[in-house]
Structures are given as structure tokens and as C-alpha cells.
Amino acid sequence: MDIHVNINGQAVAWRANPGENLLDVLRREGFASVKRGCNQGDCGACTILVDGTAQRACLLLAGQAEGRSLVTVEALGTPAEPHVLQQAVVEHGAVQCGFCTPGMLLSAKALLDENPSPTYADVCAALDGNLCRCTGYKKIIEAVLDASGRLRK
Amino acid sequence: MIENAKVCLYPKNPGEVVRILEQEGRRALILAGGTTASQVRDPGVTTLVDITRMAPPTDALTHEDGEWFLGCNLRIQQLAAHAGLKQVFCGMLCDAALSVGSRPIRNAVTLGGNAVSVFRWSDPPVALLAMDASFDLVGPERERTLTADRFYSRHPRRILKPAEILKRIRVGVPSGRHGGAFFKFARTAFDLAVVDVAVCLWFDSDICSRARVAIGATRNVPWLSTRAARMLVGKRLEGKSIRAAARAAREETKTADDIRTGREYREQMVEVIVRRTIERAGDNALGV
Ligand SMILES: Cc1cc2nc3c(=O)[nH]c(=O)nc-3n(C[C@H](O)[C@H](O)[C@H](O)COP(=O)(O)OP(=O)(O)OC[C@H]3O[C@@H](n4cnc5c(N)ncnc54)[C@H](O)[C@@H]3O)c2cc1C
């Protein structure tokens, strides 16, 4: 079946089994930033934006993506021109192994799109479904708060 | 991966869903939020039915003539954040919705999926049972409405007839003095419930005239502790009656060990959490 989606601003049609996990399809199509962690919705490594909301790619089937607008970290920024969130994460040393970072960034982006002036507690709540097993959360939360300040300027 | 899925259909209204389910029978699998359905490994499934494209009001939350209408495709996060619903029974359904998983999970999970494919530890169904919600179903023959007591008298999958779906849930806006509270007791912020309790209380001046004490995470569906309610009705809400109700709820609890905790601990926690939730509902009602 052809699955028509808008991915990172581009309209595409993917040939896929409608019962395949969207995570598998995304990785096959080259969106390697979407990581496979627990594969059951717990860890947040495969978080993407679906019509602007943070969701788990591992809990969606390809058929459910039909007609939806998807965003992965590939669309956020480039090494030469990183997104403010990416820049803040680098500057705050909020990355060690980096496995959870794409999911963290997208949960943070969804938060800032909805609430440009989040509190510390708002950031914790928005990221509470993204597990990090090496950096810890403090620097990540500080980076998101810093990015929100820069975006408001 | 549902390996033998050949097609995904996008019906536009409940009638179309029912027709597809009638035609396809066990070959069809409903996808709402997909958070449980995507984990299904059934080689017999060939047709996926994405019901989230149904036209409004299946994804709407509206208020009319003293009742809230909650469409089956509302996402749990929409419920959690709804300002109007925060006024109904002191926001207990919003609290229950907010306790579901993490934000990305709540963005995906639908009210209908959560209500029908209920797990032992599911949170919103416990609040819906305490609030005495009504469940509007659409099937091949006719539409019918079930009370929450009936809907959760056993697993809803066994209550729904073949090709029948849940279209919406209705919650009445109580009049007079009343209060509600929901309490999830879990090991961590993100974990599934060890015990869930939801309580609704109605008052005639300061005498409790009606009580619904719903308990979750102890059996495969949420249940009402009628003995606890009996200890409250006709009395002032005070330490003695609240403690007696909490004890009664514990005595009525039938539960088992699981990976989260043992039976005995869970029974003890039923007593503790029922007591706290009644106190909270009472405070909400009496304006303490
Ligand atoms: C990591 C994680 C943590 C979670 N934590 C919690 C938690 O703490 N508390 C909690 O309550 N839930 C929690 N959930 C959600 C819960 O486990 C279910 O996944 C969810 O409620 C299913 O809803 P859905 O909309 O995704 O349904 P789907 O997965 O799309 O549907 C499952 C099935 O339900 C039936 N169905 C769905 N909608 C209808 C309808 N309108 N009419 C008839 N039948 C229908 C169909 O048989 C369908 O196949 C969690 C889920 C995950 C993945």
C-alpha cells in the first residue's frame, strides 16, 4: 500500500505494509535519527512529531500515518545552522551518548511550540517520557529553558 | 508488526466502521490511538480500520443541557487539559487522564481505546465509573446506551457485541453540593497504578446522600465498593465514617500478586488510598 505523508515539509509516498511499525518505515527511508529503544512506548527514543504533537513512532503503524504531517530531528537544523534547541543542548553539555537526544529535542520542540515560556516544572512534565541513561536530566532541562529564553528574544 | 495486513481503511463515520467490521469480522483490527493495537501479533488480521478519521463530533468535547459529551476519538491529553472538564466533579477525570503514561502517550491514546481495551491498571475508566458515566454504542442493529456499572461489569470487549463500537461517553453535570477526587498510587511518576481510587460524593446540607467509590488496579476491570458507599450515606463525613468506609473497601477487595506488588500490600493500600480520596472528595465538596 502507498502511504502518503508529509515528512519534514516534503510530500512523499512510501510503499509499505500498513501493519508495519512506523519506526521501521522511517528508519528504512533514511530517517536514522529516530532511534529504536524499548519498542513499547516507554523510553521515548523514537519520539517524532505527528501533526505537531510528540508521539512514539514505535506505537504507530504505517497505515495510521496516511495523510499526517511528520517531523523528525533531520528537519530541526543542520550542523552548520543548528536549531536554537540543538545549540543550547551543545552549549550546556546536555549530550553524552546522544541516543536519547533526538527524542528529547522533539518533545522539547513540541513544548516550546505550545508554550514559549515554560517553567522548570513544565519542562520536566514535557520530557518525563524521554529516558536518558547517561547525561541525567538537569543539563537537558537547563538547555530547554535557555533555548526558550533565546527564542523569545 | 501486523504482518498480514493488506489494507488500512479510513471510515468517515461510525456507521461505516460498523459496516466494515460486519464484513471483515475477525480479519479487522480497529486502530484508535494504536498504542495497544500496534503491539498486536495476530496473523489472522488483514484489514486495519483507522477510526480516528471519523468526522466530528467523534473527536469533540461539548457541553449541552447539563451533560458533557466526550467523543471516542478524543485524545487523553485533550481531556487532561480541558478547562471546562476541570469544573466537573472537581476535575477528577482530568486528573485521571493526566496520570496516564507520559505526554507522548497521552497525545496518542484515545478515550475510546482506553475505555474499551481497559487493562487492570487503566486510570480514566476508574474515574468514569465513579462519575456514573454513560456509554453510547453503535452496532449493526441499533444504538444503545450502557451505564458505567454495566459497561464495566466485565471486560468491555465481552460487553460489546460483534461489530459494535463505542461512539461517545456522556458525563452528567451534578447539581447541588457534591465533590469528587481521583488518586493514583504508583511506584514512580511514570509507572502503572498499584491502586487507583475515584470517589464521588453528593450531599444534602452536610449529610452524604449518595456515594460512589470506584477502585482500579485490583481486578481486570474497575469496580464499585458498595460496602464503602454504604458506610458514608446518611452520615456526616467525619473521621469515623471515612475510616469505616476505607476498611469496608479493603474487605471487599479481591486481588492478587503481580510484578508491582503483593496482594497483601495492595489490600492495605486500598484502605489507605480510599480513605485519602474520600477525604479529598469531601474537602472539595465542603469547600475546606
Ligand atoms: C508506555 C505506555 C504507558 C501507558 N500507561 C498508561 C497508564 O498509566 N494508564 C492508562 O490508563 N493507560 C496507559 N497506557 C495506555 C493503555 O495501555 C492503552 O495502550 C490505551 O489505553 C489504548 O488506547 P488507544 O487509543 O491507543 O487504543 P488502540 O490501541 O488504538 O485500540 C486498542 C483496541 O481497543 C478497541 N477500541 C479502540 N477504540 C474503540 C472504540 N471507539 N470502540 C470500540 N473498540 C475500540 C479495539 O479493539 C482496538 O483494537 C499506556 C500505554 C503505553 C504504551
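The following exchange concerns the ligand site and the second largest pocket of a predicted model.

Biologist: Which chains have residues that surround the ligand?

Modeller: In this predicted model, 37 residues surround the ligand, and the closest are Ala32(B), Gly34(B), Thr35(B), Thr36(B) and Thr110(B). The site is nevertheless shared between chains, because the residues that surround the ligand come from chains A and B.

Biologist: How much of the ligand's area does the protein bury?

Modeller: Among the polar contacts, an oxygen atom of the ligand lies 2.7 Å from an N or O atom in the side chain of Thr110(B), while a backbone N or O atom of Ala37(B) is 2.8 Å from an oxygen atom of the ligand. Taken alone, the ligand exposes 990 Å², and the share of this area that the protein buries is 94%.

Biologist: Which element gives the most to the shell around the ligand?

Modeller: The shell residues divide into 19 nonpolar, 14 polar and four charged. With four residues, the element that gives the most to this shell is α5(B).

Biologist: Which element gives the most to the lining of the second largest pocket?

Modeller: The second largest pocket holds about 520 Å³ of space and is lined by 30 residues, with Val50(A), Thr53(A), Gln55(A), Arg75(B) and Asn107(B) lying nearest its centre. At least two lining residues each are supplied by β4 (53-56), α2 (62-65) and α4 (101-114) of chain A, together with α2 (76-80) and α4 (103-108) of chain B. The element that gives the most to this lining, with four residues, is α4(A).

Methods. Residues are numbered from 1 along each chain as its sequence is written. Chains are lettered from A and ligands numbered from 1 in the order in which they are written. This is a predicted model: local features need pLDDT of at least 70, side-chain atom pairs count only at pLDDT 80 or more; totals for chains, interfaces and linings use all residues. Side-chain values use heavy atoms; hydrogens and water are left out. On a 1 Å grid over the protein atoms alone, a cavity is a set of points where a 1.4 Å probe fits but cannot get out, and a pocket is an open set with protein on both sides within 12 Å along at least five of seven lines; lining residues have an atom within 4 Å of a point. Grid points are joined across faces, edges and corners, and a volume is the space filled by probe spheres set on the points. A residue is near a molecule or strand if one of its heavy atoms lies within 4 Å of it. A polar contact is a pair of N or O atoms within 3.5 Å; within protein, one must be able to donate a hydrogen and the other to accept it, and residues adjacent in sequence count only if both atoms are side-chain atoms. Accessible areas come from the Shrake-Rupley method with a 1.4 Å probe; for residues, only the protein chains shown count as cover. Ala, Val, Leu, Ile, Met, Phe, Trp, Tyr, Cys and Pro count as nonpolar, Asp, Glu, Lys and Arg as charged, and the others, Gly among them, as polar.
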